[in-house]
Amino acid sequence: MKELKIGKRIFRWGKRTYIMGVLNVTPDSFSDGGRFLNPDDAVKRALEMQAQGADIIDIGGESSRPGAEPVSVEEELRRVVPVLEEVCDKLDIPVSIDTYKSEVAEKAIELGADMVNDISALRFDPNMVKVVADYDVPVVLMHMKGTPRDMQLNPSYDDVMHEIVSFLHDRKQFAVSHGVDEHKIILDPGIGFGKRTGKGIEDNCEILRRLKELKVLGNPVLVGASRKTFIGNVCGEGEQLPVNERLEGSLAAIAVAVMNGVDVVRVHDVKESKRFLRLMDRVIRW
Ligand code: HH2
């Protein structure tokens, strides 16, 4: 798969690393919760990330942090619709809707969203695959063990990367067999989603180290490591670094991911990641 049109933009896989900027319109996201609940603030932040070099803006209305409670369709729509109504017109870059609910995805697409980012890989809502297939939009399929509520309770793996590759292989087959264009599927190992961290075993580091194994499925790969707990654990060396102290670790995670073939990185710190990637890409992909 050489390229993919998302919205008006063409993404040429392998030419450079693309940036997906995170915009959470929630009161409780682990990093930016509460900051962009006001639609005007959210729109401003989307435009700022575009100016800083984001290639996609990913808008979410429900936190998926460990232990998060699900929100209703109505509440999620109440949060994201006013933002989508404005940003889809104002942005030149594509908009992604971060949801596992088909009603939210459909409404977002009708308002101009260009792709769907489903952390459940089309498992939590049986109608999601139909929405993605019918609207023929690109979709991110992500690996998660359990649900956001219980995923960190006691995850275990024999071989974490084998399990992720086999899971994403099956989810891709499922999507394709229900009419999703296989060229529009992006795969994501789900950093922090039911992965072990902090007790000697660092699944997230192993995933980054072995990311190339995911490339065998032939689809572009997205990684979202930005500011996550394992970065706080590893970089704090015994002490958990607070969320606003995780930039260096987030950039290190990007570096390893780029060395191992990542195509899109999902980040909160767009300006810093863009500068970092200019150099990474200049060295690696020149
Ligand atoms: N991580 C989060 C949310 N959505 N989507 C994909 N494809 N990959 C990820 O790694 C991923 C994701 C969690 O981060 P964030 O959105 O910042 O926090 P929260 O879930 O608390 O809103």
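The lining of the second largest cavity divides by class into two nonpolar, three polar and three charged residues. In this predicted model, the residues concerned are Glu-62, Ser-63, Ser-64, Glu-76, Asp-98, Thr-99, Tyr-100 and Ile-119. The charged part of this lining is made up of Glu-62, Glu-76 and Asp-98, while Tyr-100 and Ile-119 form its nonpolar part. The space they enclose amounts to about 70 Å³.

This cavity belongs to a set of two cavities of 30 Å³ or more. The largest cavity holds about 90 Å³ of space. A total of 16 residues line the largest cavity, and those closest to its centre are Ala-225, Ser-226, Ser-250, Ile-254 and Val-267. Two elements, α8 (247-259) and β10 (264-267), each give two or more residues to this lining. The greatest contribution comes from α8, which supplies six residues. In terms of class, the lining of the largest cavity comprises 10 nonpolar, four polar and two charged residues.

Two of the residues that line the second largest cavity, Ser-63 and Ser-64, lead the reader on to the ligand. Ser-64 is among the closest of the 19 residues that surround the ligand, together with Ser-29, Asp-188, Lys-228 and His-268. Ser-63 takes part in a polar contact: an N or O atom of its side chain lies 2.7 Å from an oxygen atom of the ligand. A side-chain N or O atom of Asn-117 lies 2.8 Å from a nitrogen atom of the ligand. At Phe-30 the partner is instead a polar backbone atom, which is 3.0 Å from an oxygen atom of the ligand.

The extent of enclosure can be stated through the accessible area. The ligand taken alone exposes 480 Å², and the protein buries 98% of that area. The shell around the ligand consists, by class, of seven nonpolar, seven polar and five charged residues.

The ligand can next be placed among the open spaces of the protein. The space that the ligand takes is the largest pocket. With regard to secondary structure, β3 (18-24) and β7 (139-142) are the elements that give two or more residues to the shell around the ligand. The volume of the largest pocket is about 470 Å³. Its lining numbers 30 residues, of which Phe-30, Ser-64, Arg-65, Phe-193 and Lys-228 are the closest to the centre of the pocket. Ser-64 and Lys-228 are thus named both here and among the residues closest to the ligand. Phe-30, named here as well, is the residue whose backbone contacts an oxygen atom of the ligand. The lining of the largest pocket receives at least two residues each from β3 and α7 (229-236). By class, this lining has 10 nonpolar, 13 polar and seven charged residues.

The second largest pocket has a volume of about 190 Å³. Its lining draws on two stretches of the sequence. One of them contains Gln-152, Leu-153, Asn-154 and Pro-155. The other contains Lys-195, Arg-196, Thr-197, Gly-198, Lys-199 and Ile-201. By class, three residues of this lining are nonpolar, four are polar and three are charged. The charged residues here are Lys-195, Arg-196 and Lys-199, whereas the nonpolar ones are Leu-153, Pro-155 and Ile-201.

Terms used. Residues numbered from 1 in each chain as written. Predicted model: local features only at pLDDT ≥ 70, side-chain atom pairs only at ≥ 80, totals over all residues. Heavy atoms only, no water. Near = heavy atom within 4 Å. Polar contact = N/O pair within 3.5 Å; in protein donor to acceptor, adjacent residues only side chain to side chain. Areas by Shrake-Rupley, 256 points an atom, 1.4 Å probe, with all protein chains shown as cover. 1 Å grid on protein atoms, 1.4 Å probe; cavity = no way out; pocket = protein on both sides within 12 Å on 5 of 7 lines; lining within 4 Å. Sits in = over half its atoms within 2 Å of the grid points. Helix = DSSP H or I, 4+ residues; strand = E, 2+ residues; numbered from the N terminus. Points joined across faces, edges and corners; volume = space filled by probe spheres on them.
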